[in-house]
Amino acid sequence: MFSPNYRIRDFLDDLDKVCCYLSGIPVEEGVKTYDALHSFCWGWSRQKYDYSKPFESKFFKLRIFKKGTPHIEFLDSDLLKQINKIAAEGKNWIGGGY
């Protein structure tokens, strides 16, 4: 059975928490990205889904390519901008007056 690597769960859960915090949405609300990925992979291997068909979690559109690499796209471009700005400020890549 094809399934996502369990080590990616912590990363995706943390990414969901950041998105929830910035969006003002409770963490418990919506589909978690790892759960959506796992459900899709389970259904794909059991039902012979088209693996390249995109699917969604609360904040992302996901697509799995033939070699098993998932690609994640933000559904809200403003949320992506917020995350990039905060990350850049934390690394001192941009000035505080951005």
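In this predicted model, Gly 24 has a positive phi of about 75° and comes just after helix H1.

H1 itself has 16 residues, and at 1.5 Å a residue these should span 22 Å; the end C-alpha atoms are 23 Å apart, which agrees. Its buried residues are Leu 12, Asp 13, Leu 15, Asp 16, Cys 19 and Cys 20. Viewed down the axis of H1, the buried residues fall within an arc of 160°, so they line one face of the helix. An α-helix has 3.6 residues a turn, so residues three or four places apart point the same way. Asp 10 and Tyr 21 are exposed, on the face of H1 turned away from its buried side.

The protein contains 3 helices and 3 strands, in the order α-α-β-β-β-α from the N terminus. Its largest nonpolar core has 16 residues, and Cys 19, Leu 37, Phe 55, Phe 59, Phe 60, Ile 64 and Leu 79 have the most contacts inside it. The elements below each supply at least two residues of this core.

| Element | Residue range |
|---|---|
| Helix H1 | 8-23 |
| Helix H2 | 33-47 |
| Strand S2 | 60-64 |
| Helix H3 | 77-90 |

H2 gives the most to the core, with 5 residues. Leaving aside neighbours within four places in sequence, Phe 60 is in contact with several residues, including Leu 15, Asp 16, Cys 19, Phe 55 and Phe 74.

For the protein as a whole, 24% of the 98 residues are buried. The accessible surface comes to about 7,100 Å², and 52% of that belongs to carbon and sulfur atoms. Of the contacts between residues at least 6 apart in sequence, 44% join residues at least 24 apart.

Methods
Residues numbered from 1 in each chain as written. Predicted model: local features only at pLDDT ≥ 70, side-chain atom pairs only at ≥ 80, totals over all residues. Heavy atoms only, no water. Core = buried A, V, L, I, M, F, W, Y, C linked by side-chain atoms within 4.5 Å. Buried < 20%, exposed > 50% of the residue type's maximum accessible area, 1.4 Å probe, protein only. Helix = DSSP H or I, 4+ residues; strand = E, 2+ residues; numbered from the N terminus. Contact = heavy atoms within 4.5 Å. Areas by Shrake-Rupley, 256 points an atom, 1.4 Å probe, with all protein chains shown as cover. Expected span 1.5 Å × (residues − 1). Arc of directions from axis to C-beta.
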